[in-house]
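Let's take a walk through this model together, beginning with a pair of strands and ending at a pocket. Keep the 3D view open as you read.

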Amino acid sequence: MIALVTIASAFNENFFVGGGQKFIRNIALRIAKKEPVLYLPAIKEIHLIDEWENLREKLEKENIIIPENIIKYFKRSVKYEEMLKIYKEEIMRNDVKIIFDPLPTLDINFSKKLDKFKLIKNAASPFINVCNNVVSLDAYCLSKMTNKKLVIVYQWGVVRKLRSALRYYIYGLKYGFKDPLELLKWRYQYVSAIKLNKILESAKILSISEGALEEIPIDKKKYDVRILDHALPVEENITEYRSKSKEDYIVFFARLVETKGVTELPLIMRYIVSQIKDVKLYVFGKFFDKEYENYVLNIIKKLNLENNIKFLGFLKDEDKYKIVSKAKLLIYPTHEDSYSYVILESIAVGTPVVSYSLPGPYSVFKNLPAVRFVKEFDIKGMAEEAVKIFKMKDEDYFNLVYNEKVNKFIEKRRGWDKIAEEIYSNLQNM
């Protein structure tokens, strides 16, 4: 039996579903068709799980079992260390062979000043200390407690080398970021305090891209890693949305946070509008912070771009694909990606992309004419590439996405079954 240790929100249809949640759900459901899965929800989420009876009933129909002894803690405050012991008992009782985390669930608690002090103490210590109420990585902790093999799918995009995190800070100051220190904070927390590199050495890593691992200071001779051949898939029917009936607008879709480049969107559009006056940028996704939302809207207002940038909110896939497929291009100034569903979905529906050349996405899409990369923070370069694509002759434009390279790339990644089969094969061959 496989123990699945991951977030419950991936199975909640009423919760916002991003690429990570979609990945967890699709992989877990397919693995459960091959053998029973013992599901252990992320401990810090237990008190948030609503309608647990419906969740349990739904998952058990899919061969995913939530132990009876755990359900009684749903919607209740629990002590982290106590729940780890209960989870350990369930793993041993059910003869679990592998602990599997498809999207490593790391929780850092800053609710008290003492918690921050403990994190600083962790950074000063040579030892890993992540199995407590301040810092928790459930799957790793359970692997250590039970001596069971840990397998994770590595897809963290926020961990950056010190140099690139410093660069984010410098350019963040230049471009007026709300939190230019964000990547330095993540770097400090993940690498110094949590010692992610040492944790990964104890696991089998299935990485979604070659570039994703470049930012982690890890001894490659010590860890067990495989780059997934199929990585992230596209939906089976996505190419049906392709259209040669293009309209003169640009799109951006992602979580509406600063590390996805949302603060830069108005700055990029200012350059584009100076060349193509009436062009529109349609942004869809969800803001998670009202203060940040107002911050971005104020930038747009100051730059007089209210008529050029329109926010459409969170859209269902069908509506999203229809809009993206008719766009001239997607601009994607992301600072946080280890692969990129956004780029993949855009080219799959026939829309070219201009993006920052982060190691993860660049390693995946660098050979495709449909994706053009510019140096991170080169907002003028991104705008210039966008204008070039806008002004292309139709024949040259459609050759970007309607070509053999792109078709083969999409076909290899069509549907969830291939990647689920590859991951399950790796779980078996331990």
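A good place to start in this predicted model is the pairing of strand β10 (residues 249-253) with strand β13 (residues 329-332): the two run parallel and are joined by two bridges. To find the spot on screen, look for Ile250, which has Leu329 of β13 standing opposite.

Now zoom out to the sheet that holds this pair. Six strands make up an open sheet with parallel pairing, and reading across gives the order β12-β11-β10-β13-β14-β15. Which strands stand at the edges? They are β12 (309-313) and β15 (371-374); each has a single partner strand, so one side of each is left without a neighbour in the sheet. From one strand to the next, the twist averages 25°.

Next, bring helix α10 (residues 265-275) into view, as this helix packs on the sheet. Helix α10 touches β10, β11 (280-284), β12 and β13, and its direction makes about 160° with that of β11.

Let's finish with a pocket. The second largest one has a volume of about 280 Å³. Its lining draws on several parts of the sequence, with Arg160, Lys161, Arg163, Ser164 and Arg167 among the residues, along with Glu214, Glu215, Ser357, Leu358, Pro359, Lys375 and Glu376. Which helix gives the most to this lining? That is helix α7 (residues 162-175), with three residues. By class, the lining of this second largest pocket has eight charged residues, two polar and two nonpolar.

Terms used
Residues numbered from 1 in each chain as written. Predicted model: local features only at pLDDT ≥ 70, side-chain atom pairs only at ≥ 80, totals over all residues. Heavy atoms only, no water. 1 Å grid on protein atoms, 1.4 Å probe; cavity = no way out; pocket = protein on both sides within 12 Å on 5 of 7 lines; lining within 4 Å. Points joined across faces, edges and corners; volume = space filled by probe spheres on them. Helix = DSSP H or I, 4+ residues; strand = E, 2+ residues; numbered from the N terminus. Nonpolar A, V, L, I, M, F, W, Y, C, P; charged D, E, K, R; others polar. Pairing = 2+ DSSP bridges. Axes fitted to C-alpha atoms, helices over the stretch in contact; angles between N-to-C directions. Contact = heavy atoms within 4.5 Å.
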